[in-house]
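Here are some comments on the model, set out as numbered points. Please read them with the sequence and the coordinates open.

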Amino acid sequence: MVALTASDLDRPMHLAWVRPRRESGALIVALGGHFVLAAAVALDETLGKLASDGARRIVFDLTAVERLDTAGAWLVLRTARRFAGAGATVERRGVHPDFEPLLLTIETDCHNPPVTHPNTNGFGALLEKIGRSVVKLGLQSTELLGFFGMVCAEAVATLLRPRRLRIVALFTQLEETGLNALPILGLLTFLIGIVFAYQGADQLRRFGAEIFTVNLLGISICRELGGLMAAIIVAGRSGSAFTAQIGTMKVNEEVDALETLGLNTVEVLVLPRLAGLIITLPLLTFFANIMALAGGAVMVYFGLGITIPAFLRQLNQSLIGWSFFIGLMKAPVFAFIIAIVGCYEGLRVSRDAASVGRATTLSVVESIFLVIVADALFSIMFSMLGI
Amino acid sequence: MTDPVPVIKIRGLVTKLGGRVLHDGLDLDVERGEVLGVVGGSGTGKSVLLRTIIGLNRPAGGSIEVLGQSMTDHLTETRLRALQGRWGVLFQDGALFSSLTVAQNIEVPLREHTTMPQRLMDEIAAVKLTMVGLPADAAMKYPSELSGGMRKRAGLARALALDPEILFLDEPTAGLDPISAAQFDELVLNLQRSLNLTVFMVTHDIDTLRATTDRIAVLVDKRVKTGTIAALATDPDPWIHDYFNGPRGHAALAS
């Protein structure tokens with residue numbers, strides 16, 4: 001312990017002061033001024049350095065204390081406890097009756113060690129984080145698979161008894177996920193078509209093969225881009241909406257209310273969304289294809305001088321065999337993924353509002369990720385089948 | 001320690017919300033060291049009054065003075081920040097920051113308004129936690145891991161972090177079981193006595209009113225009527241009469 005010099009203690013602390021003196025073997029610590037939060041930093045330092053100098057009896061004299069708040073009271077009591085812990089007898093005197101209740105409250109109640117904070121830095125914490133995420137990923141994948149199975153079973157049960165399908169809810173979903181998505185999807189894919197045609201024309205012009213821009217557009221949009229764009233936009237628009245809607249219902253205990261009223265959650269909440277999306281996403285994909293091709297057609301008309309009839313003729317030749325339908329065939333699978341992930345994340349929401357936001361973000365990221373993985377698998381499959 | 005100037009002084013307050021006039025010519029004084037309960041029917045603007053006093057709502061007219069400083073005329077950012085250090089607010093569900101632990105929540109105002117070292121902040125956070133009756137292990141928990149009653153206590157600890165002069169409580173006992181509510185009443189009263197707080201409390205709970213308040217302000221006809229419970233119980237206004245003399249009011253006052 002550092003012994004205090006006289007200059008240390010007389011240093012004006014602006015608000016409060018501490019003056020220790022020896023009196024027949026005892027150490028008298030006179031305190032005065034405003035023992036408040038504003039003086040806490042200075043008092044913390046001064047009282048921390050205060051040494052008993054071997055005195056067995058220590059008296060805190062609070063006669064001159066004008067104001068005392070929790071921070072000030074804690075600092076006095078903390079110092080007193082330190083001396084008492086070292087074996088000295090500690091007394092208080094001159095406490096204003098107004099301050100007595102506060103000192104008593106803190107003295108009798110506060111035996112807590114100072115709080116500690118969770119360790120978020122360092123190698124150990126990093127390892128823990130990695131471990132936790134791996135375990136979480138494993139558990140979540142199993143759970144998602146289980147949910148997938150449950151929805152499939154319910155879907156089959158509903159198909160066998162079609163009356164159980166909620167028609168009104170289904171049509172609401174068709175409007176929400178299908179009709180309302182048309183403007184944004186149409187605009188975006190139209191622009192993508194323009195961009196694509198422009199880039200393609202630029203490269204193909206070097207070989208004098210501008211007309212094949214149309215082939216490039218037709219194949220890439222119908223096989224891949226139209227479907228992917230539609231799926232990604234729907235995942236962002238509708239997948240997130242599924243999670244947010246179901247999650248909010250979960251927070252309000254509406255889902256629990258459904259269960260107690262004898263309704264099947266999957267049948268009421270999941271199946272209409274799933275069925276709606278399986279119907280709308282192929283339609284949206286078709287729409288996206290057409291809009292992207294229209295964008296491309298506009299670009300090649302103005303940029304390369306290829307007329308619309310010539311464009312259509314060339315397009316007709318390029319889209320041989322399955323090409324046009326491959327994109328549409330993938331759409332129901334994408335729809336399934338988006339709806340399942342969206343509903344699953346929504347039902348996983350716990351009872352606090354913050355988890356709705358977290359789940360919504362997760363739902364979008366997961367469904368886009370899974371859609372692209374599925375698309376890659378489709379590519380491998382189609383190339384093996386030779387179509 | 002009596003102060004001739006009221007801690008909160010409201011004159012001719014007019015507030016509007018969505019085109020609807022909630023308060024019209026409202027006058028209210030809150031004296032230093034008193035516990036004032038604010039009651040009123042649903043939609044009479046109890047919470048709006050609280051939010052207007054602490055500057056979250058702009059009044060459409062009238063003047064508000066808090067601790068001698070006008071909240072309505074020429075309130076600069078610096079003066080508002082200084083004032084905010086002198087009052088603490090407990091929102092309905094605690095309004096704890098969900099990304100921080102309870103201890104970190106209590107340290108937010110300390111970090112913002114003082115230059116304390118981390119060690120001292122941790123000690124003061126622990127003191128506040130025990131003062132509001134939370135166990136030591138609550139410090140490291142996140143708000144989502146706490147029960148509603150514990151969240152309110154943690155919110156109160158944060159409101160008390162800067163040792164405020166005024167404590168604003170918005171429905172402090174709503175959603176608590178009767179035992180926790182009674183404990184909360186006692187806690188507020190103890191803190192009020194030891195810290196000489198002025199408490200402005202919006203509540204529906206007639207038991208809380210009886211247990212803690214010195215005076216009650218009832219919002220009727222876009223103004224307030226103030227008085228002790230005993231005085232208001234004989235008031236001729238039909239709403240006030242029903243409030244204090246209805247079956248629940250009667251039971252609470254008789255006990």
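The points below take up the nonpolar cores, a helix of chain B, the contact between the chains and a pair of helices in chain A.

1. As a preliminary caution, this is a predicted model, and the points that follow should be read as descriptions of that prediction.

2. The largest nonpolar core holds 103 residues, and those that touch the most other members are F35(A), A157(B), F168(B), V199(B) and F200(B). Helix 4 of chain B, residues 118-131, gives the largest share of this core, with eight residues. Another core, of 54 residues, lies apart from it and has A201(A), I221(A), F242(A) and L271(A) among its members.

3. It is worth looking at F200(B) individually: once neighbours within four places in sequence are left aside, F200(B) is in contact with I8(B), V30(B), L36(B), L50(B), I166(B) and F168(B). Of these partners, F168(B) is itself listed with F200(B) among the residues that touch the most other members of the largest core.

4. Helix 5 of chain B runs over residues 148-159, and at 1.5 Å a residue its twelve residues should span 16 Å, which agrees with the 16 Å between its end C-alpha atoms. Because ten of those twelve residues are buried, this helix is largely enclosed by the rest of the structure. The buried positions include the charged side chains K152(B), R153(B) and R158(B), as well as G149(B), M150(B) and L156(B). Their cover includes strand 6 (87-90), helix 3 (102-113), helix 4, strand 7 (166-170) and helix 6 (178-195), which belong to chain B.

5. Where the two chains meet, the contact takes 25 residues from chain A and 31 residues from chain B. On the side of chain A, the elements that give two or more residues are helix 2 (40-49), helix 3 (70-85) and helix 4 (100-109), and helix 4 of chain A supplies the largest share, five residues. By class, this side of chain A has 15 nonpolar, five polar and five charged residues.

6. Within chain A, the axes of helix 10 (residues 265-303) and helix 12 (residues 323-348) come within 8 Å and cross at roughly 145°, and the crossing is right-handed. Helix 10 of chain A contributes residues including L269(A), L277(A), L281(A) and F286(A), while those from helix 12 of chain A include L328(A), F334(A), F336(A) and I338(A). The contact between these helices has 17 nonpolar, three polar and one charged residues.

Notes. Residues are numbered from 1 along each chain as its sequence is written. Chains are lettered from A and ligands numbered from 1 in the order in which they are written. This is a predicted model: local features need pLDDT of at least 70, side-chain atom pairs count only at pLDDT 80 or more; totals for chains, interfaces and linings use all residues. A nonpolar core is a set of buried Ala, Val, Leu, Ile, Met, Phe, Trp, Tyr and Cys residues joined through C-beta atoms within 7 Å. A residue is buried if 20 or more other C-beta atoms lie within 10 Å of its own, exposed if 12 or fewer, and partly exposed in between; C-beta atoms are placed from the backbone. Helices (H or I, at least four residues) and strands (E, at least two) are DSSP runs, numbered from the N terminus. Two residues are in contact if their C-beta atoms, placed from the backbone, lie within 7 Å. The expected span of a helix is 1.5 Å times one less than its number of residues. Axes are lines fitted to C-alpha atoms, for helices over the stretch in contact, and angles run from 0 to 180 degrees between N-to-C directions. A crossing is left-handed if the near helix is turned anticlockwise from the far one by less than a right angle, and right-handed if clockwise.
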